[in-house]
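This report goes through one helix and a few local backbone features. The sequence and model are shown first.

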Amino acid sequence: SSCQPTPLDIPPQPPVVMAKRRGLHRLLLATVVVTLVGECAFTFAGRRFVTSSAGRRNVELRAEKKYRVLVPIAEDSEEIETACITDVLTRAGADVTVASCSGDLQVRMSRGLKVVADKDIKDCKGETWDVIALPGGMPGAEHLRDNQVLEEMLKDQKSSGRVTAAVCGSPAVVF
């Protein structure tokens, strides 16, 4: 049997999109929805978000409470994935912190771009993060995997039921 696409049924009132804890991509889905219907309210990881669009060109996505998001990076992490994670979540109103797992705040990314992290990963340990989101890139994902502090933080994040996310090679290599 083949799968047939179902039409998107958009009611005349703003839709409510329920997003599950594991789907950071659902934040992007809500942004797409708001471009279609102008405004949207949805829940993600227990927090309510409200979007609005002025003329459906500039989309504003904000949380009613701020997420605290940690984005660890290491030598040879993928710069585009790092930029996409930090940019989208910052635009969504999250408080995003980039943390270096390389021992120096300035980190050389996979294509040679140098990124300056906000903090060293050791300074982030012991803080509560709503989300820890990992960029990919090889061998950047391996460097993230080999960082003992990050490994402990990810185990604590998982055991406490908070969100972990990863793109590209990081899900397979780090998790």
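## Helix H5 and its surroundings

In this predicted model, Asn 147 caps the N-terminal end of H5, with a side-chain oxygen 3.1 Å from the backbone nitrogen of Val 149. Helix H5 has twelve residues, 148-159. At 1.5 Å a residue the expected span is 16 Å, and the end C-alpha atoms are 17 Å apart, which agrees.

The buried residues in H5 are Val 149, Leu 150, Met 153, Leu 154 and Gln 157. These residues cover an arc of only 130 degrees around the axis, so they lie on the same side of H5. An α-helix has 3.6 residues a turn, and therefore residues three or four places apart point the same way. Gln 148, Lys 155, Lys 158 and Ser 159 are exposed and sit on the face of H5 turned away from its buried side.

What do the buried residues of H5 pack against? Their partners among the helices are H3 (121-124), H4 (140-145) and H6 (170-174). The strands they pack against are E5 (68-73), E10 (131-134) and E11 (163-166).

Gln 157, a residue of helix H5, has a relative accessible area of 1% and counts as buried because the value is under the 20% cut-off. Leaving aside residues up to four places away in sequence, Gln 157 touches Trp 129, Asp 130, Val 131, Ile 132, Arg 162, Val 163 and Thr 164. Trp 129 also has Arg 68 over its face, at 4.1 Å from the ring centre. The count of aromatic pairs is zero.

## Backbone features in the loops

Just after H5, Gly 161 takes a positive phi of about 80 degrees. Two residues other than glycine also have a positive phi, as listed here.

| Residue | Phi | Loop | Relative accessible area |
|---|---|---|---|
| Asp 76 | near 70 degrees | between E5 and helix H2 (79-91) | 17% |
| Cys 168 | about 60 degrees | between E11 and H6 | 56% |

Are Asp 76 and Cys 168 buried or exposed? Asp 76 is buried, because its 17% is under 20%. Cys 168 counts as exposed, because its 56% is over 50%.

A cis peptide bond joins Met 138 and Pro 139, with omega about 5 degrees. Pro 139 is placed in the loop between E10 and H4, and both of these elements are among those that the buried residues of H5 pack against.

Notes:
Residues numbered from 1 in each chain as written. Heavy atoms only, no water. Phe/Tyr/Trp six-rings, centres within 6.5 Å; stacked < 30°, edge-to-face > 60°. Lys NZ or Arg CZ within 6 Å of the ring centre and 35° of its normal. Helix = DSSP H or I, 4+ residues; strand = E, 2+ residues; numbered from the N terminus. Expected span 1.5 Å × (residues − 1). Buried < 20%, exposed > 50% of the residue type's maximum accessible area, 1.4 Å probe, protein only. Arc of directions from axis to C-beta. Contact = heavy atoms within 4.5 Å. Polar contact = N/O pair within 3.5 Å; in protein donor to acceptor, adjacent residues only side chain to side chain.
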